Amino acid sequence: SNPTDVQVEPLADCHTGPITSLTAAPDGAHIISCGMDGSIRVWAAATGQLVGKRDLAGRLSCCAAALGSSAAAAASKPVMAVGSEGGFVRLLALSDPQQLPVYYRSRLHQSAVTHVSFNPGGTCLAAAAAVDHRIALLALRGCEHVDMLGYYKAADHIQSICWFSSSPSSQAQLLLSLAGGGLVAITPPTQPYSSSGQQQHAGAAEQTLELGQNVAAATAAEVPLMQLAAIPPGKGSASVSSSGGSDGSRQQQLGAQVLALGSDGQLHRLLLPADAAGWANLKGKVLRSIAKVQLSSPSTAIAVSPGGHLMLLAGQDGSLTTLPAASATATAAAIAAASTTNSTAARSSVGGAGACASVLAHGSTGRGSAASVVAWSAGGQWAASAGGDGSLLLHAATGVRGGRCAEACMHADCTFHYHISCLSSAVRSRRVARMSLVLCPPGVGDVTGLANLN
């Protein structure tokens, strides 16, 4: 790959102020951002062009998207959820990206909504307020019918949330990480608490339906976990010993694997229990990480690709790093190999089961210059990162023949070229390195090249 082939272009209409959240549209072709300026923007991942924009009242804090559930599959339409610092949650129709009509709005919390996340089927939305220690669960039936399932009151500040499941056919559960190191797994109820139509907003934050009977377990991690990212079911390593080692001893029934950024600066890999009995055995105990590795730079955000092969990490120093995600062995080997490289600006290494590539993509000087949020597109062909300075970088996965290649592709002649394709005007005046990271999918082969920074 020739680094001069990579173009860096300014976005036509960028956020004014920090970008607080990124999410991928279900169609795989668009990236959605929201920010403190109160706006939502829909970007074409291939070109960086602005496709749609909607200004909302108040500062926006988080967003998520999913293919809305419907009894008729053909009637399913993409939906977006956005949370605000005022405690409001809105649902918008992504089927009209130019107008982004709002069809649901309710104040679910008294403080800022810090996390919104759809379950894999798009039938349930979790909206958490970290300061309130509360999380609301909403059921989506069709595109415009929303039911309140209830609230869960956590024992501590909510640091992160993610959906997980032990197998593709099992019901997804919600995992909460708490500031004191606590972990809570919630199974969403099947029956709605009350129908919440367009006019039912007043007092919504005051309603409390404790979901204690739906909590699978409350346990604790070794350290507080700042960010969570679940590996898609069936994509993790084949087996883990009951002691958490790899010595081939007795195997436990496999559950979901979750990657987490710990307060100790390490990348933790958790193996969650596969059933209620496994969670019950953890009561009053600490869930030990099955693997953990020290990161070269403290990370602020993590995202796992839809195919489960790769993870994207954002470092406090402005770096972006791709690592193999499917197995702890491959992750550790890639990090160990990368640590032997002397270059601090960009490095690439190859382990036996995968590669590590890292680049100083976001500015490392100035307040808020590091990436604070990262996201993958629905098909894994694109990734995006954004920072507190308003910068938004789009990264493309390209086959060596020049065509777009899905992240799960295992063809021997396909590689992933992570490059900056556009920048916001917030960093337009800065000297920007033109770069292209080339990373082979796990099992494909060696890294074919790495561009030098200009």
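This is a walk through a predicted model, one selection at a time.

**Stop 1: the main core**

Start by selecting L91, Y103, L108, F118, L125, L138 and L140. These residues have the most contacts inside the largest nonpolar core, which has 22 residues. Now colour the elements that give two or more residues to this core: β6 (60–67), β7 (78–84), β8 (88–93), β9 (102–107), β10 (115–118), β11 (124–129), β12 (134–141) and β13 (145–153).

Keep L91 highlighted and look around it. Which residues is L91 in contact with, leaving aside its neighbours within four places in sequence? You should find V79, M80, A81, P101, V102, Y103, Y104, F118, L125, L140 and V146.

There is also a second, separate core, this one of 19 residues. Pick out A126, A139, I158 and I186, which are among its members.

**Stop 2: β10 and its hairpin**

Go to β10 and show its side chains. H115 and S117 sit on one side, V116 and F118 on the other, and all of them are buried, so both faces of the strand are covered. That layout suits a general habit of strands: in a regular one, side chains alternate between the two faces of the sheet.

Next, add β11. The two strands pair in the antiparallel sense over four bridges. Click on F118 and look across to β11: the residue standing opposite is L125. Follow the chain round from β10 to β11 and you are tracing a hairpin, with five residues between the strands. In the turn, stop at G122, which has a positive phi of about 75°.

**Stop 3: two unusual backbone angles**

Most residues other than glycine have a negative phi. Here are two exceptions to visit.

Select L100, in the loop between β8 and β9. Its phi is positive, about 50°, although L100 is not a glycine. Is L100 buried or exposed? Switch on a surface and look: L100 is buried, with a relative accessible area of 0%.

Then jump to H133, in the loop between β11 and β12. H133 also has a positive phi, near 65°, in a residue other than glycine. H133 is partly exposed, with a relative accessible area of 23%.

**Stop 4: a four-stranded sheet**

Move to the open sheet whose strand order is β2-β3-β4-β5, with antiparallel pairing. Find the edges: β2 (19–24) and β5 (50–55) each pair on one side only. Turn the sheet in your viewer and compare strand directions; neighbours are turned by 15° against each other on average, direction ignored.

Inside this sheet, zoom in on β3 (residues 30–35) and β4 (residues 39–44), which pair over five bridges in the antiparallel sense. Select I31, then its bridge partner in β4, W43.

**Stop 5: the cysteines**

How many disulfides are there? The count is zero. A disulfide is a covalent bond between the sulfur atoms of two cysteines. Select C63 and C34 and check the distance between their sulfurs: the sulfur of C34 is the nearest cysteine sulfur to that of C63, 3.9 Å away, and C63 is in no disulfide. C63 is buried, with a relative accessible area of 6%. Visit C162 as well, which is buried at 7%.

**Last stop: helix α2**

Finish with α2 (residues 328–338) and select A330, T331, A334, I335 and A338, the buried residues of this helix. Look straight down the axis of α2: these buried residues fall within an arc of 125°, so they line one face of the helix.

Technical notes
Residues numbered from 1 in each chain as written. Predicted model: local features only at pLDDT ≥ 70, side-chain atom pairs only at ≥ 80, totals over all residues. Heavy atoms only, no water. Core = buried A, V, L, I, M, F, W, Y, C linked by side-chain atoms within 4.5 Å. Buried < 20%, exposed > 50% of the residue type's maximum accessible area, 1.4 Å probe, protein only. Contact = heavy atoms within 4.5 Å. Disulfide = S-S within 2.5 Å. Arc of directions from axis to C-beta. Pairing = 2+ DSSP bridges. Axes fitted to C-alpha atoms, helices over the stretch in contact; angles between N-to-C directions.
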